[in-house]
Amino acid sequence: ARGEMEVYVGELEAGECGSRLAAIPVLLRLPVCPPCVLRYLNYRSFIAYRQPDEFLRALLLKLMERNMPDIDRTPFLSAPEGSVCVACLGAMAHATDPQFHEQLFEKFDKCGYQYATYSLTVTLPAATVIRQHAVWQHLFLTTGNAIFQSNHSTAVIDTKESVKWVLGWILRQHRNLNFEPQADFNCQMIYKHDETCQEHLFLFQIDTSQIRQRKSRHKPTRPLPNPAVEPANIHAVDRALAHIPMDVFRKYGSIPPTKVSTVVSCDVSFYHVSVYVAGRYMKYARGLSQSPWVLDGQVKTESSVSQLVSRVIEPPFQCDGSKFSASGREDIDVRMLGDGRPFVLEIINPHRIWFTPDEYRDIQAKVNSSTNLIQIRDLQAIAKEDAVRVGQGEDEKGDKRKTYRCVVWLSKAVTAQDLENVNNMRDIKLAQKTPTRVLHRRSLCVRDRMIYRVHAKLVSPHFIVLDVVSQAGTYIKEFVHGDLGRTVPSFGTLMGCDADILQLDVLGVSLEFPPKLPLSL
C-alpha cells in the first residue's frame with residue numbers, strides 16, 4: 001500500500017494536478033470528501049477513486065506534508081462526525097458503500113432482463129451543479145490561483161463519471177458484468193436530495209440584464225431556461241450558470257456552499273433499448289384497417305392488422321409495448337394478398353431478447369393460428385439500422401413498385417380492340433392532386449406518379465378485372481375513376497368513358513425486405 005501511495009503522490013505532484021495542490025486544505029475544510037478533492041485536482045487515475053476514504057485522506061495529508069509543511073494537518077486527520085460532502089452531497093460515499101453494493105447486486109440479479117453488456121446512466125440533483133460552481137469560485141477567491149478562473153465544467157471531473165468508475169469496477173469484480181458506454185441494456189441511477197431541492201431557485205431571481213447572452217452568427221441565442229419551471233433539469237441549470245458572471249453569482253448564490261446534514265438517496269431502474277422484428281403480412285378480410293382507426297377519440301374498428309400481430313408477439317418479449325410500421329398501407333376495404341406487405345415491429349423495453357429461429361417460427365405460427373383475418377410470414381429479428389428499409393422507395397423518386405388487381409365498371413361496353421389497347425399501355429405518367437377522401441389528413445399538393453403497365457381481362461361487357469403495376473404511393477382508386485378530374489390522366493379518360501372501381505386488392509410489394517425464409521408459412 002505504501003508503494004501504491006507513492007505512485008499516487010508522484011502523479012498528483014506532476015503536471016496540472018500539482019498546480020492545484022493548494023486547494024486540498026481549502027476543500028477539506030468545507031468539507032469536501034476525499035474523492036471529490038481528487039475531482040477538483042482533475043486527477044484521472046480511475047483506480048484511485050475505488051480506494052477507501054481512509055486511504056485517500058491519508059494520501060491528501062501526505063501531499064500537504066510534502067508541499068504545505070507549514071499548514072496544521074490535525075483538523076483534517078478525519079472527517080467531522082456526521083459531515084456530508086458539500087460538493088457531491090454524499091454521492092461518492094454512497095457509490096463506495098458496501099451496503100448499497102449488495103442492494104445493487106440484488107437488483108441486477110432480479111431485474112429479469114437478458115443482456116450481454118450494460119451501460120450506466122447517473123442523474124444527480126441539480127444542486128450538485130450549483131455547488132460545483134460555488135466551490136470552484138471559492139477556490140479562486142481563497143487561493144488566488146488563476147487556474148480556478150477557467151470553466152469548471154471542463155476543468156473538474158464530473159461527479160457522475162466518478163460514480164461510474166467506481167460502480168463499473170464493483171460490478172465487474174463481484175458480478176462479472178461487462179460495462180460498455182453504448183450498451184443496449186441500461187441501469188439508470190437517479191440521485192435525489194430533498195434538503196437542496198429548492199437550491200436552484202435563486203437563479204430565477206437574477207435580473208436578466210446582468211446575464212450575458214451568447215450570440216451566434218449561425219443560430220439565434222437560446223433563451224435562458226427557467227429553473228423554477230424545470231426544477232430537476234440539471235442541464236437547464238448548467239446552461240443558466242454558464243451565462244452568469246462571477247460577481248453576479250456571488251451576489252445571489254452561496255460561496256462557499258452551505259453545509260448539509262443529509263446524504264442523497266438513489267432510485268435504481270433498468271431499461272433495454274428497443275429491438276426490432278420484421279416480417280410480411282397478408283390481409284384476407286375487407287373492413288380491417290392496418291392500425292386502429294380512431295375518429296374523434298373513438299375507436300371505430302374492433303381490431304387491426306397491427307393489433308392482431310402485436311398481441312401475440314409482445315408477450316414472449318416481456319416488453320412494455322410495441323410500434324408497428326409497414327411498407328405503405330392499404331385502405332380498410334382493400335385486401336393484401338400475394339407474398340404480403342413488409343412490416344417492422346419495434347419492441348419497447350424488452351426483458352427477453354434472444355430467440356432461436358425455431359422460436360420465431362413458433363411465434364409466427366401462434367399469430368397465424370390466432371385469427372383467419374391475417375397471416376404473417378418471414379418473421380425474424382433485424383438490426384435497428386435495417387428497420388428504415390421498410391419505408392424505402394415511398395417518395396416520388398423511389399423505384400418501389402406495387403401490383404394491384406381491381407374490378408372496374410365502365411360506362412361503355414368493352415370491345416376486343418379496347419382490351420388490346422389497354423394491354424399495350426406502358427409508362428403512363430400521372431399528376432395526382434391529393435384525393436378528396438384524404439384531404440383531412442394529407443397536405444394539398446400534386447404528386448407525380450407512374451403506371452408502368454396495365455392488363456385487363458373481360459368479365460362482362462361493362463366489367464373488367466384490371467391488373468396494375470404502379471409506382472409506390474400511387475392512388476389506384478383515383479387512377480381508375482379520376483376523382484372529379486384531380487388525377488390526370490385516369491383510366492376512364494384513357495378508355496373514353498366513365499369508370500369506377502368496385503373492388504381492389506394488393507397483389508405484391510416489390511421490396512426485397514425482410515429476407516425470405518424457408519418454410520416460412
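In this predicted model, the lining of the largest pocket draws at least two residues from each of β11 (401-410), β13 (446-460), α16 (476-481) and β16 (499-509). The pocket has a volume of about 960 Å³. Its lining comprises 30 residues. Nearest the centre of this pocket lie R329, E330, D331, R441 and R442. By class, 12 residues of the lining are charged, 11 are nonpolar and 7 are polar.

The second largest pocket has a volume of about 630 Å³. It is lined by 37 residues. C33, P34, D53, A93 and T96 lie nearest its centre. Helices contribute to this lining: α3 (23-29), α4 (34-40), α5 (53-67), α6 (91-95), α7 (98-109) and α10 (159-175) each supply at least two residues. The class counts for the second largest pocket are 23 nonpolar, 8 polar and 6 charged residues.

Two of the helices that line the second largest pocket, α7 and α10, also pack against each other in a defined geometry. Their axes come within 11 Å and cross at roughly 65°. Angles of 65 to 115 degrees count as roughly perpendicular, so α7 is roughly perpendicular to α10. The crossing is right-handed. On the α7 side, the contact is made by F100, H101, L104, F105, F108 and D109. On the α10 side, L167, I170, L171, H174 and R175 take part. By class, this contact has 7 nonpolar, 2 polar and 2 charged residues.

Note on methods
Residues are numbered from 1 along each chain as its sequence is written. This is a predicted model: local features need pLDDT of at least 70, side-chain atom pairs count only at pLDDT 80 or more; totals for chains, interfaces and linings use all residues. Side-chain values use heavy atoms; hydrogens and water are left out. On a 1 Å grid over the protein atoms alone, a cavity is a set of points where a 1.4 Å probe fits but cannot get out, and a pocket is an open set with protein on both sides within 12 Å along at least five of seven lines; lining residues have an atom within 4 Å of a point. Grid points are joined across faces, edges and corners, and a volume is the space filled by probe spheres set on the points. Helices (H or I, at least four residues) and strands (E, at least two) are DSSP runs, numbered from the N terminus. Ala, Val, Leu, Ile, Met, Phe, Trp, Tyr, Cys and Pro count as nonpolar, Asp, Glu, Lys and Arg as charged, and the others, Gly among them, as polar. Axes are lines fitted to C-alpha atoms, for helices over the stretch in contact, and angles run from 0 to 180 degrees between N-to-C directions. Angles under 35 degrees count as roughly parallel, over 145 as roughly antiparallel, 65 to 115 as roughly perpendicular and the rest as oblique. A crossing is left-handed if the near helix is turned anticlockwise from the far one by less than a right angle, and right-handed if clockwise. Contact means heavy atoms within 4.5 Å.
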